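Reader: I'm new to reading protein structures. Could you take me through one, question by question?

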Amino acid sequence: MKFMKVLCVVLGLLMIAAGIYCILKPDITGLAIGYIIGVSMLIDAVGRIHAWFRLKKDGQADGWLLASGILSALFGIVLIVNVAAQLYMDMFIAYIAACWIMVQAIITIIRAFRVRKFHKMLDTQYLGKHWWIGLIVGLLLLTLSVLCFVHPGIVITSMGILIGLGVIVAGANLITLATTSSN
């Protein structure tokens, strides 16, 4: 059991080091997302094809499960071996994130004006008094979304930093679990 604790601490430290590397090189980390998706698709494909064979023994398999497994494998392989496909996937994710930020900005601006309308309509002293804060946040989000469309590298770099932070937290959790367990 002591070996497992030591192993978990070592792995946690390696994860923290990897997270720090991700934060120091967020653009490289962000550009690895397409590759990570490709590996995930390949793992999904193996699971689906394995499930199809298991269900086939019981006479319950359908061709759709096998077809989805084969397609996942093909797309996963393309993403793993084709750097251009990885870059397209990274850019697609960056633009989807920019769209999401823009939608959130528009909703925030609309809500700010609705709060302002209620404030005036109900003639309240406190309710909706600071509606303009929502408007400023919405306008800042809108500006950020436009920047993300013009420079998608901002999103990719931000994703790299967030991945790094997540890996650091996961490594710290692993160390904490290993050192605080009773055995």
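Reader: Let's start with one residue. Where is the place of methionine 41?

Author: Good place to start, and keep in mind that this is a predicted model. The helices are numbered from the N terminus. Methionine 41 has its place in helix α3.

Reader: Is methionine 41 buried, exposed or partly exposed?

Author: Under 20% relative accessible area a residue is called buried, and over 50% it is called exposed. Methionine 41 comes out at 22%, so it counts as partly exposed.

Reader: Which residues is methionine 41 in contact with, leaving aside its neighbours within four places in sequence?

Author: A contact here means heavy atoms within 4.5 Å. Skip the neighbours within four places in sequence, and the contacts of methionine 41 are Ser72, Phe75, Gly76 and Leu79.

Reader: And how far apart in space are methionine 41 and isoleucine 80, C-alpha to C-alpha?

Author: Along the sequence, 39 residues separate methionine 41 and isoleucine 80. In space, going C-alpha to C-alpha, the distance between the two is 9.6 Å.

Reader: Let's try isoleucine 77 next. How far is its C-alpha atom from that of valine 39?

Author: Isoleucine 77 sits in helix α4, which covers residues 63–81. With a relative accessible area of 42%, isoleucine 77 is partly exposed. Valine 39 is 38 residues away along the chain, and the two C-alpha atoms are separated by 7.9 Å.

Reader: Stepping back, how many helices and strands does the protein chain have?

Author: Read the elements from the N terminus on and you get α-α-α-α-α-α-α. For the protein chain, that's zero strands and seven helices.

Reader: What radius of gyration does the protein chain have, next to a compact globule of 183 residues?

Author: Along the principal axes, the C-alpha atoms fill a box of roughly 70 × 50 × 35 Å. A compact globule of 183 residues would have a radius of gyration near 16 Å, but for the protein chain the value is 24 Å.

Reader: What share of the 183 residues is buried?

Author: First, the outside: the protein chain exposes about 12200 Å², with carbon and sulfur atoms supplying 75% of that. As for the residues, the buried ones make up 23% of the 183.

Reader: How far apart are the centres of the positive and negative side chains?

Author: In the protein chain there are 13 positive side chains and 6 negative ones. Take the centre of each set, and the two centres lie 10 Å apart.

Reader: Now a helix. Why does the distance between the end C-alpha atoms of α7 agree with its 28 residues?

Author: The expected span is 1.5 Å times one less than the number of residues. For the 28 residues of helix α7, residues 153–180, that should give 40 Å, and the end C-alpha atoms agree because they are 40 Å apart.

Reader: Which helices do the buried residues of α7 pack against?

Author: The buried residues of α7 are Val155, Ile156, Met159, Gly160, Gly164, Gly171, Ile175 and Ala178. Their packing partners are α1 (2–24), α2 (26–31), α3 (33–57), α5 (83–122) and α6 (131–150).

Reader: What about α1: which of its residues are buried?

Author: Helix α1 has 23 residues, so it should span 33 Å, and its end C-alpha atoms are indeed 33 Å apart. The cover over its buried residues includes α2 and α7. Those buried residues are Gly12, Gly19 and Cys22.

Reader: Is histidine 119 buried or exposed?

Author: Histidine 119 has its place in helix α5. Not counting residues up to four places away in sequence, it touches Thr124, Gln125, Leu127, Gly128 and Lys129. The cut-off for buried is under 20%. At a relative accessible area of 18%, histidine 119 is therefore buried.

Reader: Last one: which residues does phenylalanine 149 touch, not counting those up to four places away in sequence?

Author: Phenylalanine 149 lies in helix α6, and at 28% relative accessibility it counts as partly exposed. Its C-alpha atom is separated by 8.2 Å from that of alanine 94, which is 55 residues away along the chain. Setting aside residues up to four places away in sequence, phenylalanine 149 touches Tyr95, Ala98, Cys99 and Met102.

Definitions and conventions:
Residues numbered from 1 in each chain as written. Predicted model: local features only at pLDDT ≥ 70, side-chain atom pairs only at ≥ 80, totals over all residues. Heavy atoms only, no water. Helix = DSSP H or I, 4+ residues; strand = E, 2+ residues; numbered from the N terminus. Buried < 20%, exposed > 50% of the residue type's maximum accessible area, 1.4 Å probe, protein only. Rg over C-alpha atoms; globule rule 2.2 N^0.38 Å. Areas by Shrake-Rupley, 256 points an atom, 1.4 Å probe, with all protein chains shown as cover. Lys, Arg positive; Asp, Glu negative; His and termini not counted. Charge placed at Lys NZ, Arg CZ, Asp CG, Glu CD.
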